[in-house]
Amino acid sequence: MAFIDQVQDLTSLTVSDNDELSQFLKDGVIDVTNRWLAMRPQDIELFARESSEQTSNASLHLNGAKIISIIREDGTNNQWRNCRKISSALQYDVTDVDSLNYASKINPAYMVGNNGQISVFPSPGSDPDSFKVYYVNNDPEDKGGTNLIHSHSDIGYFPDDKVYLVVMYAGMRSLHAAMGATTITDLTVTVVPPDVPLLASTSISFSQAAPTYTSPTTTISGTAWATAYPDQYSAITTAWTAANAEIDECLSIADDMHEQITSAEAAYDKFQADGGDPALFGDETQYLTGVGLAHVKDALDNARTIIDDGANSPTGNAAGDAATYLYTDEDTELLQGALGIASSEIQRANAHIADWNAAVQSLSAEGQGFLATSQGFGAEIQSKLGVANSYIAEINSRLSNVQPKIGEYQSKVQDALHEFNEANAAYQAQLQVSIQNAQLENQDEQFKVQKYQAEYAGYTAEVNEQVQAYTQNLQADGIGYQWLQDQYNRLKAEYDAAFMIAAPKQQSAPARR
């Protein structure tokens with residue numbers, strides 16, 4: 001069955017962007033490979049790929065792939081010898097016949113030089129002096145050698161019993177993309193109140209204008225809002241400021257956390273030189289799929305950019321998307337969409353934090369083995385990890401405060417409706433008094449008054465009908481988003497569980513006598 005069919009069956013989604021799904025599948029191959037080998041490095045041959053025979057140095061580029069082994073012909077065709085790895089500092093010594101590090105055809109060596117280029121010693125040539133490399137495949141293809149796409153059904157250089165994990169990963173990313181595309185329906189009240197009738201022989205002595213419903217996101221920066229609903233205006237401004245403050249705290253903590261990351265990287269450089277490869281920091285240009293703390297900072301920066309105060313806000317000077325829609329464009333639909341994107345970025349930050357903690361747990365399980373070759377790496381890096389993790393805990397605490405603030409802001413929409421209803425009740429009471437006075441003075445104008453009452457009753461009913469329709473649409477949008485979120489969480493839990501099963505079992509301490 002093609003991968004696109006498997007993903008659709010797994011998620012109940014209809015995939016419309018084939019290129020996007022193809023990329024998710026490629027990312028899934030890389031993620032499964034890295035996570036599985038982090039748990040079970042002894043399975044590395046299951047992901048191995050063999051290069052073609054190379055006849056010159058610096059001719060093979062593996063794009064950062066992990067090397068399993070390099071072998072060289074010893075002067076007899078297809079008689080291969082394993083190459084030992086050397087540092088670049090020994091590249092002359094291995095050519096010096098008087099050096100203890102001299103590399104011969106039966107005891108060859110290799111080094112990784114500039115930009116990942118591989119050099120073998122003695123220098124290779126055509127058969128019987130070529131070399132080839134076994135490495136962990138990082139260029140996903142199907143078994144026919146074609147670049148992996150949505151319509152394929154198998155994966156080359158990859159164990160068949162783990163292909164289902166790639167499908168699960170692509171399903172998770174598809175659900176995540178669908179959540180990001182969810183928009184909140186805008187509230188638009190189009191009905192206008194009827195004109196107050198002028199009576200022939202007398203007029204209704206009533207100067208008060210009929211109230212009209214005003215959406216809080218339509219005139220939130222104008223005089224009408226501040227005058228008509230001062231309590232709600234103050235409350236909205238307070239809630240918005242509080243939400244911004246929480247994001248600011250998270251970014252400040254993320255900056256402090258990155259200072260610890262920078263300090264810890266020096267220790268990791270030595271650790272990687274000794275053979276370790278935990279990949280705990282990640283690449284900020286690929287934060288959507290990485291597990292590093294750098295990706296937490298990147299996601300928080302995106303949320304900050306989206307939700308920051310706008311240039312026309314009461315207190316701010318920056319130009320975030322949500323604030324611009326709120327204070328400048330006065331557009332509810334765009335505002336709700338921006339808040340949804342900011343919420344997704346915050347969820348990504350939490351997801352990267354969870355991936356970080358999982359990676360740290362894996363590292364801790366192998367920590368004692370690393371100490372033997374890393375010369376003090378453990379004590380230094382554990383100190384840095386401790387500080388970084390304390391920042392992570394505080395960021396999670398801050399993030400938990402953001403959504404209630406946004407919810408508080410959204411509740412002001414309902415507050416505005418309540419104020420309209422209260423103003424409407426007072427208006428109708430005063431109107432009835434004026435109408436009764438007019439009826440006593442001029443019975444002949446009763447028809448006009450009744451017609452106006454009917455029109456105004458229809459106006460009131462239509463306002464409430466449109467508000468009710470908005471509320472139902474808002475609930476439907478929320479239910480759809482919640483379903484996607486539940487599907488994503490279920491699939492992610494199952495995906496993570498597959499790797500936890502493969503994790504090494506902890507040895508029990510012997511009982512004391």
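This passage describes the sheets, helices, backbone features and cavity of a predicted model.

Two open sheets can be followed strand by strand. One of them is built from four strands in the order β1-β7-β2-β3, and its pairing is antiparallel. At its edges stand β1, covering residues 48-50, and β3, covering residues 80-82, each of which pairs on one side only. From one strand to the next, the twist averages 25°. Within this sheet, β2 spans residues 67-73 and runs antiparallel to β3, to which three bridges join it. One contact that is easy to locate on screen pairs two arginines: the bridge partner of arginine 72 is arginine 81 in β3.

The other sheet has three strands in the order β4-β5-β6, and here the pairing is mixed. Strands β4 (84-85) and β6 take the edge positions; each has a single partner strand, so one side of each is left without a neighbour in the sheet. The two senses of pairing are readily told apart by looking at the strands on either side of β5. Towards β4, the pairing with β5 is parallel and rests on two bridges. Lysine 85 has tyrosine 110 of β5 as its bridge partner. Towards β6, strand β5 (residues 109-112) runs antiparallel, and four bridges join the two. Tyrosine 110 appears again on this side, standing opposite valine 120 in β6, while alanine 109 stands opposite phenylalanine 121 in β6. Strands of a sheet pair through backbone hydrogen bonds, in either a parallel or an antiparallel sense.

Strands β5 and β6 also form a hairpin, with five residues between them. In its turn, asparagine 115 has a positive phi of about 60°. Side chains in a regular strand alternate between the two faces of the sheet. Strand β6 (residues 118-121) can be read in these terms: Ile118 and Val120 point one way, Ser119 and Phe121 point the other way, and all are buried.

The stretch that follows β6 contains two cis peptide bonds worth a look. Phenylalanine 121 and proline 122 are joined by one of them, with omega at about -5°. Proline 122 belongs to the loop between β6 and β7, the latter strand covering residues 131-136. A further cis peptide bond links aspartate 127 to proline 128, and its omega is about 15°. Proline 128, too, is found in the loop between β6 and β7.

Turning to the helices, α1 covers residues 3-11, and its buried residues are Phe3, Ile4, Val7 and Thr11. These residues lie on the same side of α1, because they cover an arc of only 100° around the axis. Serine 12 comes just after α1 and takes a positive phi of about 65°, although serine 12 is not a glycine. Its place is in the loop between α1 and α2, the latter helix spanning 18-39. With a relative accessible area of 55%, serine 12 is exposed.

Leucine 165 offers a contrasting environment. This residue sits in helix α3 (residues 163-180) and is buried, with a relative accessible area of 1%. Leucine 165 and tyrosine 495 are 330 residues apart along the chain, yet their C-alpha atoms are separated by 6.7 Å.

Tyrosine 157 is another residue with a positive phi that is not a glycine; the angle is near 55°. Tyrosine 157 lies in the loop between β7 and α3. Its relative accessibility is 36%, so tyrosine 157 counts as partly exposed.

Tyrosine 157 also leads to the cavity analysis. The structure holds one cavity of 30 Å³ or more, and about 30 Å³ of space lies in the largest cavity. Its lining consists of Val29, Thr33, Phe47, Asn137, Gly156, Tyr157 and Phe158. By residue class, this lining divides into four nonpolar and three polar residues, with no charged ones.

Note on methods: Residues numbered from 1 in each chain as written. Predicted model: local features only at pLDDT ≥ 70, side-chain atom pairs only at ≥ 80, totals over all residues. Heavy atoms only, no water. Pairing = 2+ DSSP bridges. Axes fitted to C-alpha atoms, helices over the stretch in contact; angles between N-to-C directions. Buried < 20%, exposed > 50% of the residue type's maximum accessible area, 1.4 Å probe, protein only. Arc of directions from axis to C-beta. 1 Å grid on protein atoms, 1.4 Å probe; cavity = no way out; pocket = protein on both sides within 12 Å on 5 of 7 lines; lining within 4 Å. Points joined across faces, edges and corners; volume = space filled by probe spheres on them. Nonpolar A, V, L, I, M, F, W, Y, C, P; charged D, E, K, R; others polar.
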